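Subject: Structure handover

Hi,

Here is the structure I promised to pass on. Please open it alongside this email, and my notes follow below.

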Amino acid sequence: MKKLVHRLGIPGSIALAIVTLFVLVAILAPWIAPYPLQGAGAPNVIAKLQPPSASYWLGTDHLGRDILSRIIYGTRVSLTNGLLIVAFSLLIGLPVGLAAGYFGGWIDEALMRGTDVFLAFPALLLAVLMAAALGPGFLNSIIAVAVTWWPWYARLARAEVLVLRGQPYVEAARLSGVSHPRIIIRHILPATGRPLTVQAALDVGPALLTAAALSFLGLGILPPTADWGQMVDAGRKFFPARWWYSAMPGMTIFIIALAFSVLGDALRDRKGGASRASA
Amino acid sequence: MELLRYILRRMLLSAFVVVGVTFLVFVVAQVVPSDPAALYAGPRPTAEQIEKARQELNLDAPLQARFATFATAMASGDFGISYKSRRLIAEDLRAYLPATLELAVFSTGLALLIGIPLGVVAAAHQGRWADRLGSFGSIAAVAMPTFFLAMILQLVFAQWLGILPLSGRLSREIAISAPLQMITGFNLIDAILAGRFDVFGDALAHLILPALTLASYPAGVAMRLTRSAMIEILERRHIVAARALGLSEPRILFGHALPNAMGPALTVIGLSFAYALTGAVLVEIIFAWPGLGRYVSEAILAKDFPVIAAVTMVVTICYVVMNLLIDIAQALVDPRVALS
Amino acid sequence: MPLLEIKNLSVSIPTPDGDVHAVRAVSLDIERGEIHGVIGESGCGKTMTGMAALGLVPKGARIQADRFHFDGEDLRENAVRLRGRRIGLISQDPAAALNPVLSIASQMDDVIRAHRDMPRRARRAEAAGLLAATGLPDPERVLRSYPHQLSGGMQQRVVIAQALATGADFLIADEPTTALDVSVGAQVLALLRKLVAERGLTVLMITHDMDVIAEACDRATVLYAGRSIETGPVDDVLQRPGHPYTRALLAALPDAAPHAARLSAIEGSIPAPRSTIAGCAFAPRCPQAMPVCAAEPPPERGNDGRRWLCHLPEGTR
Amino acid sequence: MSSVLSVDNLVIRYRGGLFSPRPKPAVNGASFQLAKGETLGIVGESGSGKTSLLRAILRLLPVESGAIELEGRDWLALKGDALRRARQKIGVVSQNPFLSLSPRLTIAEILAEPMLAAGGPQSPAMREKITGLLSDCGLPADFLDRRARELSGGQAQRVAIARALALEPSLLILDEPTSALDVSVQAQILNLLSDLKESRALSMVFVTHNLKVVAHISDTLLVMRRGDVIEFGRTEDVTRAPAEDYTRELLSFGRKAVAGA
């Protein structure tokens, strides 16, 4: 524990604690939410738009549902959104980047020009277009964001592979007759996959932020499932008079995105230090 | 010579990308949606209406023929008709594009003006409190959801302090009683051209909040990139060499380090501009800004695919052109770029 | 009085795992107008000695010395002021030492302007003159170029011209030919010799290459494990080496043995940089080591200007 | 005496860019032979074409024209899996020993890799063979479980040589094998190579920019400059009476250093 704090620094450790807390909240949502039924979507018309109070800590929404419970349930959607977006993106981007970087030549040219096309779009716009075409929904919004996300991993993986491929030890393996699949599995994938996975883990924050923007636009998961972006949007009609409706989920998004960013910085600094020392 | 070859190569690549973009937009807008004809035919269409729409939209033609039609139409600036309003999309774009560009350019400038100097200061004070504070500020700016920031700014500056307008692009009185003649479509410039300084002030006041919202994220990114670029540059051997040659510190900082930071700074411009273009979708809804973002978000709700496709095309081409210009500028400030 | 006078210099860098003794005990006298070679294998402290004279040691490094003077001024206090005025640096990698995004003209101009009050046009002429003095055939074209458009040899000449432009009369050349081809390196060395002869410069030449010492230097000092173990005129050091390490180093050169014969390699490895050494640092690897060698610091042998540190009496080989 | 490697009128040219003019050949008609059990030294400075020539022999670069024969076989005709297997007849040692050893693997795994690639089964016999290789290259068996970063430059280069010999190659190619090493370590490696040449009747190609190093160890010497072969002959002949001033210049640099040793 002490060692971890030392390695991540104090801000990094706090960020890690916050991220861990959110993960726990997502897992335990039905047990810790004060009003599990409302969290899952059941209306509670007798308590519409109430300000924060002892019984409703963060107030209620226009259907009288406890905002805290909604936020707790929304954690599940947001975190899975973030995770699945980077997972899908990694699943497409890593093989594309590996193939382009390792084989080079026309394979590289074709794959990277294709990637260029995806990168030519301002990212959110392509996501909006995709989401609109696929229609709203949980999986659709994830696919829509992943479509704009994977090219970055492809580029990253390719750049890593290009460096590795030029490494004399990889060339030595090739010259001693080691087959392509074996080189990729034994030398390239471990050295590329690991930094890329770390990067992806840290991208869960920004990915979740993008997904929140989509659901704010009405392109995310459909009600009554709780979703932070959609809550901010729904609360906009009652803003600023019933400020808590939008502000509570908005703050939540900000806090988790901030935690991921700070954690990412802490890890990057640590990694940078290590690689410099070994060079 | 190298430079010319480089520019030609970049242009060729951009042209290819535009073709690819067109294809992708075509696929997403015309192939993925389940039944465009039903949408085109209007609410609760009859079978005949749908059949008629299919023919009008040429949906029964083979895919490559449909793409050819789509691409030629796009190339000639004919974006078709909106499913919903039945208006010519090209005309709508002409009205909305300048508003979005004005917002994008202004917020990009704002982001650079805030982010780059802060990055330089943080790099110069690396590890000290100014750096820590600035770095945390930049992380917070990057982590803040745009749509939420917009609402907070509205609350503070329009509702509580009441010093800036809540939304819109011009005050109603001006828009109705003495409308501005559209020349460039940029209100700020048109106001100056017309000598209407009251309008200029009004337009500026309306611009500040949405532009500030849009500038927050790219300013954070700009600060971080500038900071790390400056730190890296200041450690380079030729900077050490310049010290060993007895050059003064200001000369080293501004004459030797800063020119090397121009490359990263240009990258930041590109990123900021891209962000401003897309963030517009979110910001324009909240600030009721009559631009492409609001236009497209309305189209999304109506599943108005020709509009969505047209906006995506136009904005993406703006972005591609911007990137091309930045790449060329990169080669001009750093002659090595053209060689790679 | 020597131009550069170093007596018992040590540089240690504190790290979490203990102090790294980059330089343990280096003594060096460099006379005006000579090229003095400092030679040693990696980790011997030759570069750190040069950086200490320029005041460019890493943050937190401790410098101690009985004497560390340049032209009568203490380098511990004045290195930063002297650097760029009287002391210049020519580093190993000329490509990294030049600013990639500025033309040679503006980089030369910056240096001249920092040191001399001259109108713009005169500065340009001065720059062209200095480049010509370094043997660059078409100075005007070089001035218009960017570093990446020049070959390594040309870049190194530009770096030398910049050092000349400061008016420095003492140059520290840190492996100035290592990144260059042998034939180009030979030309750069010839240029340095010419500049020393014509302009009365003094050069401290840091190198790992005996050929460079033989080719360019007047006197040489051999470093081992952060200590200067032998010094003298180049011919003496190369042909009548006093210290067993110098002898072994020379014998390990591939052209020291007949064709295809075995070379006499030095077994073992250098002492760890964090260790403390009681006696002679070379004792564990020395074929002639005696019990006393590991225990006591070796005495100084030889005479004026030709000295080495060894327990073996003079004349034994 | 049969020749292991024979290169005839080899031309290598890099592809120019889309809008660039066709570049000059990197290697312009190189011809030479290497007899069994001998060492050929290839010397050249940057841009001489020595690296391109080497990479072409390893089939890492396409050849524009000319022929390469390895043990009498048309080496350029091999493709795919046949090439992969045939390439195991060539051992390679490169300049930086640390970069050429995988940082993730132990020395034992590094040495086993070529044997496994050649289809050898993992067995105690293999471990034994690896230990033998290592001791042939002057390292004790307790190095087997270390990793490259725990070694000194000289030790790492010994491991690289051991790996190159793992499949008992008919040709050993050394690409600047001592350039990153100190003089005293260089001497150790050169001695090791002499011993291996003797004990295993190795044929070697030794590529370097340092004429003096290669003149010491090679039987025949080839000097390249700007893509052309400017000298080729028995080492004694070339060093005694160089045909070109350029060679003489390289030989005479720092000559004083040896005079008294």
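Start with one contact that ties two chains together. Asp265(A) and Arg224(B) form a salt bridge, with their closest N and O atoms 2.4 Å apart. Please keep in mind that this is a predicted model.

**Chain A against chain B**

That salt bridge is the one the rule finds across the interface of chain A and chain B. The polar contacts there are also few to list: one residue pair, with both residues at pLDDT 80 or more.

Which parts of chain A touch chain B? Five helices of chain A give two or more residues each: H4 (105-120), H5 (123-134), H8 (180-216), H9 (228-236) and H10 (243-278). H10(A) gives the largest share, with 12 residues. By class, this side of chain A has 32 nonpolar residues, four polar and five charged.

Now the extent of the interface. Contact involves 41 residues of chain A and 40 residues of chain B. The size of an interface is often given as the accessible area lost when the parts come together. Here chain A and chain B bury about 3,700 Å² between them. Carbon and sulfur atoms give 86% of that area. Five pairs of chains are in contact, and chains A and B share the most contacts of these.

**Chain C against chain B**

Chain B also meets chain C. Here 24 residues of chain C are in contact with 20 residues of chain B. The buried area is about 1,800 Å², and 63% of it is on carbon and sulfur atoms. Which three residues of chain C supply the most of the area it buries against chain B? They are Pro100(C), Val101(C) and His148(C), which together supply 28% of it.

Chain C and chain B have one salt bridge between them. Its partners are Arg251(B) and Asp110(C), at 2.8 Å from N to O. Seven residue pairs are in polar contact between these two chains, with both residues of each pair at pLDDT 80 or more.

Four elements of chain C each supply at least two residues to the side that touches chain B. They are strand E7 (87-90), helix H3 (94-97), helix H4 (104-115) and helix H7 (152-165). The largest share comes from H4(C), with five residues. On this side of chain C, 13 residues are nonpolar, seven are polar and four are charged.

How far apart are the nearest C-alpha atoms of chain A and chain C? They are 12 Å apart, and the two chains do not touch.

**Chain D and chain A**

One more salt bridge to look at. Glu113(D) pairs with Arg186(A), and their closest N and O atoms are 3.8 Å apart. Glu113(D) lies in helix H3 (residues 107-117) of chain D and Arg186(A) in helix H8 of chain A, so this pair joins two chains. Over all chains, the structure holds 48 salt bridges.

**Inside chain B**

Chain B has 14 helices and zero strands. Its C-alpha trace spans about 85 × 55 × 40 Å along the principal axes.

Two helix pairs are worth a look. Two packed helices are described by the angle between their axes and the distance between the axes.

Take H5(B) and H10(B) as one pair. Helix H5 covers residues 89-124 of chain B, and helix H10 covers residues 197-234. Their axes come within 5 Å and cross at roughly 35°. The crossing is right-handed. The contact of H5(B) with H10(B) has 23 nonpolar residues, four polar and two charged.

Then take H1(B) and H4(B). Helix H1 runs over residues 2-31 of chain B and helix H4 over residues 63-75. They pack at an angle of about 115°, with their axes 10 Å apart. This crossing is right-handed. H1(B) brings Thr22(B), Phe23(B), Val25(B), Phe26(B), Gln30(B) and Val31(B) to the contact. H4(B) brings Leu63(B), Arg66(B), Phe67(B), Phe70(B), Ala71(B) and Met74(B). By class, the contact of H1(B) with H4(B) has nine nonpolar residues, two polar and one charged.

Best wishes

Technical notes
Residues are numbered from 1 along each chain as its sequence is written. Chains are lettered from A and ligands numbered from 1 in the order in which they are written. This is a predicted model: local features need pLDDT of at least 70, side-chain atom pairs count only at pLDDT 80 or more; totals for chains, interfaces and linings use all residues. Side-chain values use heavy atoms; hydrogens and water are left out. Contact means heavy atoms within 4.5 Å. Buried area is the accessible area (1.4 Å probe) that two parts lose on being put together, summed over both. A salt bridge is a side-chain nitrogen of Lys or Arg within 4 Å of a carboxyl oxygen of Asp or Glu. A polar contact is a pair of N or O atoms within 3.5 Å; within protein, one must be able to donate a hydrogen and the other to accept it, and residues adjacent in sequence count only if both atoms are side-chain atoms. Ala, Val, Leu, Ile, Met, Phe, Trp, Tyr, Cys and Pro count as nonpolar, Asp, Glu, Lys and Arg as charged, and the others, Gly among them, as polar. Axes are lines fitted to C-alpha atoms, for helices over the stretch in contact, and angles run from 0 to 180 degrees between N-to-C directions. A crossing is left-handed if the near helix is turned anticlockwise from the far one by less than a right angle, and right-handed if clockwise.
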